[in-house]
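Here's a quick tour of a protein model, meant to be read with the structure open beside you. Take a look around first, then work through the points below.

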Amino acid sequence: MNSSSSSADPARSFLSVDTARAAILDSLSPLCGWEKVAVRAALGRVLRTDVIAPYNVPSHDNSAMDGYAIRAADLDAGTDTALAVVGTAYAGRPFSGIVGAGQAVRIMTGASIPQGADTIVVQEVVRRSDDRVFVPAGQKKGQNLRRAGEDLAEGGVALAAGRRCGPAELGLIASLGIAEVDVYRPLRVAFFSTGDEIASIGRPLCPGEVYDSNRYTLFGALSRLGCDLIDMGVIPDRPDALEAAFRDASEAADVIITSGGVSVGEADFIREMMARMGEVAFWKLAIKPGRPMAFGRIRNAVLFGLPGNPVAVMVTYFQFVQDALLKLMGVTPLPPAQRFAVQAAFTLRKQPGRTEYLRGRLQRDGAACSVALAGAQGSGVLSSMSEADCFVVLPEDCLSVQPGDTVYVQPFHGLL
């Protein structure tokens with residue numbers, strides 16, 4: 001991958017991706033509102049307080065395997081040891097006696113360790129004959145035991161505040177016998193598309209119109225985050241209509257996301273409206289696609305003015321907006337960007353001075369992994385996103401890519 005240090009490209013006067021992302025995140029704080037919900041209702045929600053273990057997990061020493069509970073002191077170091085089997089311990093039905101010298105207890109996974117025993121021998125290695133079991137040499141004292149508190153110690157933090165609850169977290173909370181947890185309230189997000197050429201689905205297109213895809217893309221992405229959504233439809237390119245939409249959205253939502261209307265065209269009012277009703281932190285980025293992306297506030301609502309082109313909407317949402325929403329939701333720390341190096345399976349010339357996000361498809365040949373481009377790369381070609389499984393991220397100083405060059409990819413798994 002060829003690079004350049006030239007600063008002649010005017011795009012270098014635009015805000016870099018990393019600078020813009022840091023500026024957005026530094027300006028935001030988690031919501032204050034919270035509520036107590038049942039464990040099942042906490043799926044996808046963010047913990048406001050630590051979940052503390054009320055007791056040890058596991059609550060008692062138990063066996064990690066099916067086998068025999070024995071005393072390590074009885075074992076012969078050089079040959080098999082014969083032990084008398086004096087009972088059985090089941091999970092939930094412990095052996096009530098004491099394991100004495102020369103004795104063993106048949107034990108099941110999860111069963112409490114009988115008094116006197118200190119080692120578990122797995123059933124696959126022993127030989128059983130009537131009421132005697134023959135244990136081979138080489139066993140280690142304390143093997144195959146799970147100690148009380150090994151998973152979680154009583155009074156310890158089981159889940160830290162800021163953790164977003166997934167299936168594993170729900171199970172962990174339930175394993176502690178906790179029925180309710182404190183979570184941040186859902187983030188309220190209002191979103192709408194702008195443009196006289198944008199038509200809602202369900203009616204025939206008039207000349208010059210296109211169907212609105214951006215609201216459906218945003219609906220899908222925001223729904224996966226668990227936001228409370230306010231879909232405001234399509235707003236025409238009229239200052240009075242946009243002003244009313246912004247006013248209504250800022251009164252009802254924590255975040256406003258628009259698509260379209262943030263470039264320098266005569267009918268692009270979003271940036272002007274933001275400056276008049278609130279503030280604009282920035283609106284020009286050194287990125288492709290998605291250079292015109294506005295960020296600011298209108299009253300108490302955070303506002304993202306995304307581009308109108310469908311792919312640019314997805315790129316800017318996932319590179320800037322999603323982490324911002326997670327921070328507002330209370331997620332700490334934010335999940336790290338998942339990127340890894342692969343070989344390019346394509347040729348490309350690129351302008352310096354901007355970070356470029358191509359749509360790629362990973363391909364594997366044995367242990368080697370490479371990435372090819374997924375369809376046409378125009379910012380209006382939404383099919384390229386559907387065909388792709390990753391972004392190929394080309395840095396600002398990249399000039400070209402040749403097959404075999406090392407490039408970095410950001411997989412969609414866990415992102416989209």
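## How the strands and helices fit together

Strands S23 (residues 340–344) and S29 (residues 406–411) run antiparallel and are joined by four bridges. Keep in mind that what you're looking at is a predicted model. We'll follow the strands around S23 and S29, then move to a six-stranded sheet, the helix pairs, some backbone oddities and the confidence scores.

**The strands around S23 and S29**

- To find the S23–S29 pairing on screen, look for Gln343, which sits opposite Thr406 in S29.
- S29 also pairs with strand S27 (residues 390–394), again antiparallel and with four bridges. Here Phe391 has Gln410 of S29 as its bridge partner.
- S23 has a parallel pairing too, made with strand S26 (residues 368–373) through two bridges. In that pairing, Ala344 faces Val371 of S26.
- S26 in turn is joined to strand S25 (residues 355–365) by six bridges, and these two run antiparallel. Gly360 is the residue opposite Leu373 of S26.
- What do S25 and S26 form, and how many residues lie between them? They make a hairpin with two residues in between, and Gly366 in the turn has a positive phi of about 65°.

**The six-stranded sheet**

- Six strands build an open sheet in the order S17-S14-S18-S22-S21-S19, and the pairing is mixed.
- Which strands sit at the edges? They are S17 (228–235) and S19 (278–284), each of which pairs on one side only.
- Going from one strand to the next, the twist averages 15°.
- Inside this sheet, S14 (residues 188–194) and S18 (residues 255–259) are parallel partners, sharing five bridges. Phe192 is found opposite Thr258 of S18.
- Helix H3 packs on the sheet and touches S14, S17, S18 and S22, with its direction at about 165° to that of S14.
- Helix H1 (residues 17–26) lies across S19, S21 (292–298) and S22 (301–306), and runs at about 160° to S19.

**Helix pairs**

- When two helices pack, people describe them by the angle between their axes and the distance between those axes.
- H3 (residues 214–225) packs against H6 (residues 310–329) at about 30°, with the axes 11 Å apart. H3 and H6 are therefore roughly parallel to each other, and H3 passes H6 in a right-handed crossing.
- On the H3 side, the contact is made by Asn214, Thr217, Leu218, Ala221, Leu222 and Leu225. H6 brings Pro310, Val313, Met314, Tyr317, Phe318, Gln322, Leu325, Leu326 and Met329.
- Sorted by class, the residues of the H3–H6 contact are twelve nonpolar, three polar and no charged.
- H4 (residues 239–252) and H5 (residues 270–277) cross at roughly 55°, their axes coming within 11 Å. That makes H4 oblique to H5, and the crossing of H4 and H5 is right-handed.
- Pro239, Leu242, Glu243, Phe246 and Arg247 of H4 meet Ile270, Met273, Arg276 and Met277 of H5. This H4–H5 contact has six nonpolar, no polar and three charged residues.

**Backbone oddities**

- Lys288 and Pro289 are joined by a cis peptide bond, with omega at about -10°. You'll find Pro289 in the loop between S20 (287–288) and S21.
- Another cis peptide bond runs from Thr332 to Pro333, where omega is near -10°. Pro333 belongs to the loop between H6 and S23.
- Asp130 isn't a glycine, but it has a positive phi of about 55°. Asp130 is in the loop between S9 (127–129) and S10 (132–135).

**How confident is the model?**

- The chain's mean pLDDT is 90, and 94% of its residues reach 70 or more.
- Where in the chain is confidence lowest, and where is it highest? The low point is strand S1 (residues 2–3), at a mean of 72, and the high point is strand S13 (residues 180–184), at 98.
- Over residues 6–12 the pLDDT stays under 50, and the model has twelve contacts beyond four places in sequence for residues 6–12.

Methods: Residues are numbered from 1 along each chain as its sequence is written. This is a predicted model: local features need pLDDT of at least 70, side-chain atom pairs count only at pLDDT 80 or more; totals for chains, interfaces and linings use all residues. Side-chain values use heavy atoms; hydrogens and water are left out. Axes are lines fitted to C-alpha atoms, for helices over the stretch in contact, and angles run from 0 to 180 degrees between N-to-C directions. Angles under 35 degrees count as roughly parallel, over 145 as roughly antiparallel, 65 to 115 as roughly perpendicular and the rest as oblique. A crossing is left-handed if the near helix is turned anticlockwise from the far one by less than a right angle, and right-handed if clockwise. Contact means heavy atoms within 4.5 Å. Ala, Val, Leu, Ile, Met, Phe, Trp, Tyr, Cys and Pro count as nonpolar, Asp, Glu, Lys and Arg as charged, and the others, Gly among them, as polar. pLDDT is the predictor's confidence in each residue, from 0 to 100. Two strands pair if DSSP finds at least two bridges between them.
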